[in-house]
Amino acid sequence: MNYTFKDDSPIFQQLAKALEDDIFLGTYEEGTAIPSTTELSVALHINPATVLKAMNLLLDMDLLEKRRGIGMFVKDGAKERIKERRKKEFKEKYLSPLLEEAKRLGMDKKEIALLIMGEEK
């Protein structure tokens with residue numbers, strides 16, 4: 001666990017994103033426990049309340065589940081939920097603006113595909 005925090009957004013959001021990445025990449029498999037709030041706060045030298053906010057964010061995103069007395073676990077289907085949300089965000093952030101600009105430029109699908117494949121005219 002080697003997370004680096006920057007000043008551009010709150011630490012709890014950065015930690016939630018880092019944990020989400022770890023779930024998506026398989027560091028924490030579905031059904032397995034993630035480190036406790038205390039373990040994370042000690043290892044990362046951050047306030048336990050900050051870690052708890054990150055965990056609650058992941059709970060709200062339906063990626064973690066709390067098991068009373070034993071900790072937080074990655075929920076079944078979490079990886080697929082992350083993938084679907086990221087695909088939607090990718091479309092909204094990158095593809096939609098790209099297609100809108102291509103339309104303004106009068107480009108057709110073939111031209112766009114060639115550009116994406118690196119075989120521009």
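How much of the accessible surface of the chain belongs to carbon and sulfur atoms? Of about 8,500 Å² in total, the share is 54%. Keep in mind as you read on that this is a predicted model.

1. Let's start with the layout. You'll find five helices and two strands in the chain. Walk along the sequence and the order is α-α-α-β-β-α-α, with the two strands sitting between α3 and α4.

2. Now the overall form. The C-alpha trace spans about 60 × 30 × 20 Å along its principal axes. The radius of gyration is 19 Å, whereas a compact globule of 121 residues would come in near 14 Å.

3. Next, what's tucked away. Among the 121 residues, 26% count as buried. The largest nonpolar core is made of 22 residues. Helix α1 (11-25) gives the largest share of this core, six residues, and α2 (37-44), α3 (48-60), β2 (71-74) and α4 (78-104) each chip in with at least two.

4. Two names to look for in that core are Leu15 and Leu64, which have the most contacts inside it. Take Leu64: setting aside neighbours within four places in sequence, its partners include Ile23, Met55, Leu58, Met72 and Val74.

5. How do distant parts of the sequence meet? Looking at contacts with a separation of 6 or more, 50% are between residues 24 or more positions apart.

6. Finally, the charges. The chain has 21 positive and 22 negative ones, and the mean positions of the two sets are 3 Å apart.

Methods
Residues are numbered from 1 along each chain as its sequence is written. This is a predicted model: local features need pLDDT of at least 70, side-chain atom pairs count only at pLDDT 80 or more; totals for chains, interfaces and linings use all residues. Side-chain values use heavy atoms; hydrogens and water are left out. Helices (H or I, at least four residues) and strands (E, at least two) are DSSP runs, numbered from the N terminus. The radius of gyration is taken over C-alpha atoms; the globule rule is 2.2 Å times the number of residues to the power 0.38. Buried means under 20% relative accessible area, exposed over 50%, partly exposed in between (1.4 Å probe, protein chains only). Contact means heavy atoms within 4.5 Å. Accessible areas come from the Shrake-Rupley method with a 1.4 Å probe; for residues, only the protein chains shown count as cover. Lys and Arg count as positive and Asp and Glu as negative; His and the chain ends are not counted. The place of a charge is taken as NZ of Lys, CZ of Arg, CG of Asp or CD of Glu. A nonpolar core is a set of buried Ala, Val, Leu, Ile, Met, Phe, Trp, Tyr and Cys residues joined through side-chain atoms within 4.5 Å.
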